Amino acid sequence: MLLFQNSSHSIVTTPAEISDPNGLVLVGEVLVVTAYFLVAAILFYLALRRDDRERKVVLALFGVIALMGGAVHALNFWGSASGDMLLTLRLIFGVIALVGAFLLFRAIPAMMAIPSQWQLKKTNEDLRAQVEEKEKAQVALREAQQELEDRVLKRSAQAITATRELEREVESRKRAEKQLISKNYELVKKNADLDDFVYYASRDLKGPVLNVTGLVEAIREELPPGNQELNQLFARLDDSVSSIHRKLNNLAEVSRIQRPIAEEHLLMVSFALVLEQVKERLAEPLRLSNANLQADFSAAPEVYFSRDNLYSLLTNLLSNAIKYRDTQRPLQISLSSSLQDQYLVLRVQDNGMGMDLSQYGQHLFSMFRRFHDHVEGSGVGLYIIKRIMDNSRGKVEVQSVLGEGTTFLLYFVRHDQQTGTRI
Amino acid sequence: MRKLKGIMLIDDDDTNNFLNQRLLNRMEITDKIREFRNGKQAFDYLYNISAEHYDPSSPDYFKPSLILLDINMPVMNGFEFLSLFEKLNAGFRKDIVLALLSTSEHSQDTERAAASNIAYLTKPLTTQKMQDLLDAYFQEEGE
């Protein structure tokens, strides 16, 4: 535009200028040419500094146009040689200027897209704000991360502390357990000592008590008979002494069954044989109660057991049957043995008074519990039965109907299935 | 029934010996009864008799036909006495009856007595128990 104005102006004015140059026009022309070259230089500089290729070309092209404008002016002014060459140059410049205009036209959208300073500033501000925001977010993120790390560290520390505490706890429990075991061992030992003490004490007291019995009898024999008052006293003395004797026997028995049984005292024991011995021992009460005793051990005639303990079991069972018989009918006691799974079962049934198990059942086998007072007893018989069966890993069951009778079932562990040592 | 030649009572319990001696005296089984407080005293006495280291004219020395032996005694107990007794001359022993007399009814004790083939009596000694013992061991001697 500027170029074309200039060039057309130049074309029109040139002959006159050439013919009539004066100083002022010269200065003006020089300034214009200088301005053209400066503009061209600036445009080239910009073209060099721009980093996008398309604008580089456009700027360079403007630079060339400015350069050409300058050159045309200069040529006009100094209007050296032929007018032909000048005309040719102007033509070339015109073509280049047209190309430049075309390229400029093409470049319109790109030029439109070049953001203005204000836009750039705003964008810049936006960007800066975004960056700031991002930084803030990053800081927040870092803080969160730090906090997380702190938390993890804290948790780890807590976990380690907890683990240590747990370890300490386990240690102290282990110590406590050890102490418990040793205390338990001590207790077992003390218990055994106590059983031993009771056993030997009751055994050693038996002699003197028997002596008292004998001495009372001797005094009675030495005294003249027929003294009513003395007889009464002697009767009471006899009762007291025999009560002491019976209690000592029970004590000895209770302590005896707690003592471990040596292996050599466990053997196959015949029910029938031990029953005979018990019948001898209880001959008097059996005779007095007029008991009818029936025994059938054909299914299992022998049991691997301590003979003393089987004797004790049968003695207690039979004397119980005699004690708690129903006086309204003749006493029937039937004994039998059988095999049942891993057990050998001894069954002792009577037709005595029976009892209400729902009322007494739970205390039936407790020591010193008695549910009748019409007969003499110490309340250890069933306790002894239970202890003996428990100690040999067997069990005892009782069935009873009030007014009809009682049945005891003793479950012995069968020896052929039991190879371990028996207690 | 013919009287026994003599009876030895071996028991550390003085009162028990006294009562047993009284019972035997009242039963008039023998004229000679000697008491010993433990197995050792009794064995020393028996050993002297068996070796004839005694004065036959002394009424204190006699060969017994029956020995009643307690089990639990100090110095030497009943079973220790028994094992020494069994080492004495068989000829000397053959007309002596030994019976254990104890408060316990332990199968340990009764089995041991049975193994030595001797009688086992539980205290207190009664006329009935004594009579049963005489019937069992002195039947052929009586009459």
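Trainee: At what relative accessibility does Lys63(B) count as partly exposed?

Mentor: A word on the basis: this is a predicted model, where local features need pLDDT of at least 70, side-chain atom pairs count only at pLDDT 80 or more, and totals for chains, interfaces and linings use all residues, while side-chain values use heavy atoms and leave out hydrogens and water. Residues are numbered from 1 along each chain as its sequence is written, and chains are lettered from A and ligands numbered from 1 in the order in which they are written. Buried means under 20% relative accessible area, exposed means over 50%, and partly exposed is in between (1.4 Å probe, protein chains only). Lys63(B) falls in the in-between class, with a value of 22%.

Trainee: With which residue does the side chain of Lys63(B) form a salt bridge?

Mentor: A salt bridge needs a side-chain nitrogen of Lys or Arg within 4 Å of a carboxyl oxygen of Asp or Glu. Here the N to O distance is 2.8 Å. The partner of Lys63(B) is Asp95(B).

Trainee: How many residues apart in sequence are the parts that this pair ties together?

Mentor: Helices (H or I, at least four residues) and strands (E, at least two) are DSSP runs, numbered from the N terminus. Asp95(B) sits in the loop between helix H4 (90–93) and strand S4 (97–102) of chain B, and Lys63(B) in the loop between helix H2 (39–50) and strand S3 (66–70) of chain B, so the bridge joins parts whose separation in sequence is 32 residues.
Like Lys63(B), Asp95(B) is partly exposed, with a relative accessible area of 27%. So the separation you asked for is 32 residues.

Trainee: In what order do the elements of chain B run from the N terminus on?

Mentor: Chain B has 6 helices and 5 strands, and buried residues make up 48% of its 143 residues. Written with β for strands and α for helices, the elements run β-α-β-α-β-α-α-β-α-β-α.

Trainee: How many helices and strands are there in chain A?

Mentor: Chain A has 423 residues, and 31% of them are buried. Its accessible surface (Shrake-Rupley method, 1.4 Å probe; for residues, only the protein chains shown count as cover) is about 27,500 Å², with 60% supplied by carbon and sulfur atoms. The element count for chain A is 11 helices and 7 strands.

Trainee: Which are the edge strands of the open sheet in chain A?

Mentor: The sheet has 5 strands in the order S2-S4-S5-S7-S6, with mixed pairing; two strands pair if DSSP finds at least two bridges between them. An edge strand pairs on one side only, and that describes strand S2 (292–296) and strand S6 (395–401) of chain A.

Trainee: What is the bridge partner of Ser338(A) in S5(A)?

Mentor: Strand S4 (residues 332–340) and strand S5 (residues 343–350) of chain A pair in the antiparallel sense over 8 bridges. In S5(A), the partner of Ser338(A) is Val345(A).

Trainee: What angle does the direction of helix H7 of chain A make with that of S2(A)?

Mentor: Angles run from 0 to 180 degrees between N-to-C directions, with axes fitted as lines to C-alpha atoms, for helices over the stretch in contact; contact means heavy atoms within 4.5 Å. Helix H9 (residues 307–323) of chain A lies across S2, S4, S5 and S7 of chain A, at about 170 degrees to S7(A). Helix H7 (residues 271–281) packs on the sheet, touching S2, S4, S5 and strand S7 (405–413) of chain A, and its angle with S2(A) is about 165 degrees.

Trainee: By about what distance along the helix are Asp193(A) and Lys189(A) separated?

Mentor: These two form a salt bridge, with the closest N and O atoms 3.7 Å apart. Asp193(A) is partly exposed at 39%, and Lys189(A) is partly exposed at 44%. Because they are 4 residues apart in helix H5 (residues 117–222) of chain A, their separation is about one helical turn.

Trainee: Which residues of chain B are linked with Glu221(A) and Glu222(A) in a network of salt bridges?

Mentor: The structure holds 24 salt bridges over all chains. In this network, Glu221(A) and Glu222(A) are linked with Arg22(B) and Arg26(B).

Trainee: Which residues make the nonpolar surface patch of about 490 Å²?

Mentor: Patch residues have over 30% relative accessible area and no salt bridge; like charges are joined within 9 Å, nonpolar side chains (Val, Leu, Ile, Met, Phe, Trp, Tyr) within 5 Å. One member, in helix H4 (residues 83–113) of chain A, is Phe102(A), which is partly exposed at 48%. The full set is Phe102(A), Phe105(A), Ile108(A) and Met112(A).
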